[in-house]
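The following exercises concern the structure displayed below. Each consists of a task and a solution in steps.

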Amino acid sequence: TTALVAELGLDAEVETPDVANGVYRDGAVHSLGGPKDALGTKLLSTKAKVRMSALVADVLRYRKSLTWGDEAAAASLDLGSAREYADRRLRNSELRDQLLDPACRFLGLADLQEISAVDFLALARNMGATGFFNHPEGMGFLTRALAERVARVECSARVTSVVEEGDEVRVTWTRVGESERTETAEVCVLAVPAPVLVEIAPQLDGERKGILADVVYSPSVNVFLGLDSPPKDPSWLVLIPGNEEPELACVILDHNKASGRTPAGGGLLSTYWQREWSEAHWDDTDEDLVDQALVAMRRVLPGTDDHVAVAHVQRWRNALVTGPVRRHRDLARLQALTPATSRLRLAGDAVSTSNVEACVCSGLRAARDAVRGVRTDHAI
């Protein structure tokens, strides 16, 4: 992603804040810093820190297969769920409950038994090896910059069918109040959630459709709280173990991520909730959802509820890919089933992981594969 930003000539606009993560435990936020600082944190006991050596060893052992954007490379790692991995390999309940559990709740808004151990190890590996950057206008700056460099962008439209036929791909789409249109292209990359892929790409064979139909997404009801005064905590992310707050998964302190996110002196909190909570409260009124968020904030970040100036609720149906646990094998199989000459390629978190880096990598790979498939003499 940073290479793409550089290619777009936007290096000077991005900011590289210090990584500051916290974990909520026993009524306080304990600084975790970056992964390399974990041994110095007061979050974990000495015994738990000693057992972390097994985790570090596994990250190093499997690091070449734990690459965001090439999840199929980890197909041979059959480590089970994060819960199975913790109980079998780490054998320390404190490490499981205070580190793996909140990390997995952040990854997929789901419990340890629902998240792949490979996904957790990939998070540990990449968080330790990756630099962080942000932008005053949010990560949407990258999408807008890319859109400005292509000939045509259609918004507020719904694709109903994508069909590969001969030496072209036909894309049919509609917009409210307008007649149906069909566009043709030499190749097409589909970067949409798996349930949408299954719906609009009828040519996918039964096995590929089955793999995509098995992809599990967590829905997310997000409550955003704008503050007239931010909390003093320096973290940009506060992870929350399930034994502390079973419903609230994590809180992002957006004002600590980059400048310009709030008016001067203000703060912004983004609350993310466990999948089961979002499903149960999906139809609640915005007012009720904000009230529930304020109750949780009184416990996790005391005093912030007294400074709320504005609140906003967002409902996100396909928020984060959660499973299945052994989906990396499925992704390798999906790649193998895709003909080398296919003009229709898949990208996005349906075939990778729900983060910017993984999806950017999947998009680049899909575009390259598509061009290679139809232009054997084309230099890429």
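**Exercise 1.** Determine which residues are in contact with arginine 208 beyond its neighbours within four places in sequence, and classify its burial.

*Solution.* In this predicted model, arginine 208 belongs to helix α8, residues 206–213. Once the neighbours within four places in sequence are set aside, its contacts are Gln203, Leu334, Leu337, Thr338 and Pro339. The relative accessibility of arginine 208 is 11%, so the residue counts as buried, the cut-off being under 20%.

**Exercise 2.** Check the length of helix α12 against the expected span, then describe its N-terminal end and its packing.

*Solution.* Helix α12 covers residues 356–374, which is 19 residues. At 1.5 Å a residue the helix should span 27 Å; the end C-alpha atoms lie 28 Å apart, and the two values therefore agree. At the N-terminal end, asparagine 355 acts as a cap: one of its side-chain oxygens is 3.2 Å from the backbone nitrogen of glutamate 357. The buried residues of α12 are Ala358, Val360, Ser362, Ala366, Ala370, Gly373 and Val374. These buried residues pack against α1 (2–7), β6 (188–190) and β12 (344–346).

**Exercise 3.** Locate the largest nonpolar core and identify the elements that contribute two or more residues to it.

*Solution.* The largest nonpolar core has 46 residues, and those touching the most other members are Leu55, Leu90, Leu100 and Leu121. Two or more residues each come from α2, α3 (82–90), α4 (93–108), α5 (117–129), β8 (237–239), β9 (248–253) and β11 (308–323). Of these, α5 supplies the largest share, 7 residues. Another core lies apart from this one and holds 23 residues, among them Leu225, Trp277, Trp282 and Val290.

Consider next α2, residues 46–62, whose 17 residues reach 25 Å from first to last C-alpha, close to the expected 24 Å. Its buried residues include Leu55, Asp58, Val59 and Tyr62. With neighbours within four places in sequence left aside, leucine 121 is in contact with Leu55, Asp58, Val59, Tyr62, Leu66, Leu79 and Tyr85.

**Exercise 4.** Find the aromatic pair in the structure, classify it, and list charges placed over rings.

*Solution.* A search of the whole structure yields 1 aromatic pair. The ring centres of tryptophan 273 and tryptophan 277 are 4.2 Å apart with planes at 20°, so the pair is stacked; the criterion is planes under 30 degrees apart. Tryptophan 273 counts as buried because its relative accessibility is 2%, and tryptophan 277 is likewise buried, at 4%. As for charges, the charged end of arginine 317 sits over the ring of tryptophan 282, 3.9 Å from the centre. Arginine 61 lies over the face of tyrosine 62, 5.6 Å from the ring centre.

**Exercise 5.** Identify where the backbone has a cis peptide bond or a positive phi outside glycine.

*Solution.* Most residues other than glycine have a negative phi, and most peptide bonds are trans. Glycine 323 and proline 324 are joined by a cis peptide bond, with omega about 10°. Proline 324 is in the loop between β11 and α11 (327–337).

Aspartate 26 has a positive phi of about 55° and lies in the loop between β1 (21–25) and β2 (28–31). Its relative accessibility is 61%, so aspartate 26 counts as exposed. Serine 156 also has a positive phi of about 55°; this residue is in the loop between α6 (140–148) and β3 (158–165). Serine 156 counts as exposed because its relative accessibility is 69%.

Definitions and conventions: Residues numbered from 1 in each chain as written. Predicted model: local features only at pLDDT ≥ 70, side-chain atom pairs only at ≥ 80, totals over all residues. Heavy atoms only, no water. Helix = DSSP H or I, 4+ residues; strand = E, 2+ residues; numbered from the N terminus. Expected span 1.5 Å × (residues − 1). Buried < 20%, exposed > 50% of the residue type's maximum accessible area, 1.4 Å probe, protein only. Contact = heavy atoms within 4.5 Å. Polar contact = N/O pair within 3.5 Å; in protein donor to acceptor, adjacent residues only side chain to side chain. Phe/Tyr/Trp six-rings, centres within 6.5 Å; stacked < 30°, edge-to-face > 60°. Lys NZ or Arg CZ within 6 Å of the ring centre and 35° of its normal. Core = buried A, V, L, I, M, F, W, Y, C linked by side-chain atoms within 4.5 Å.
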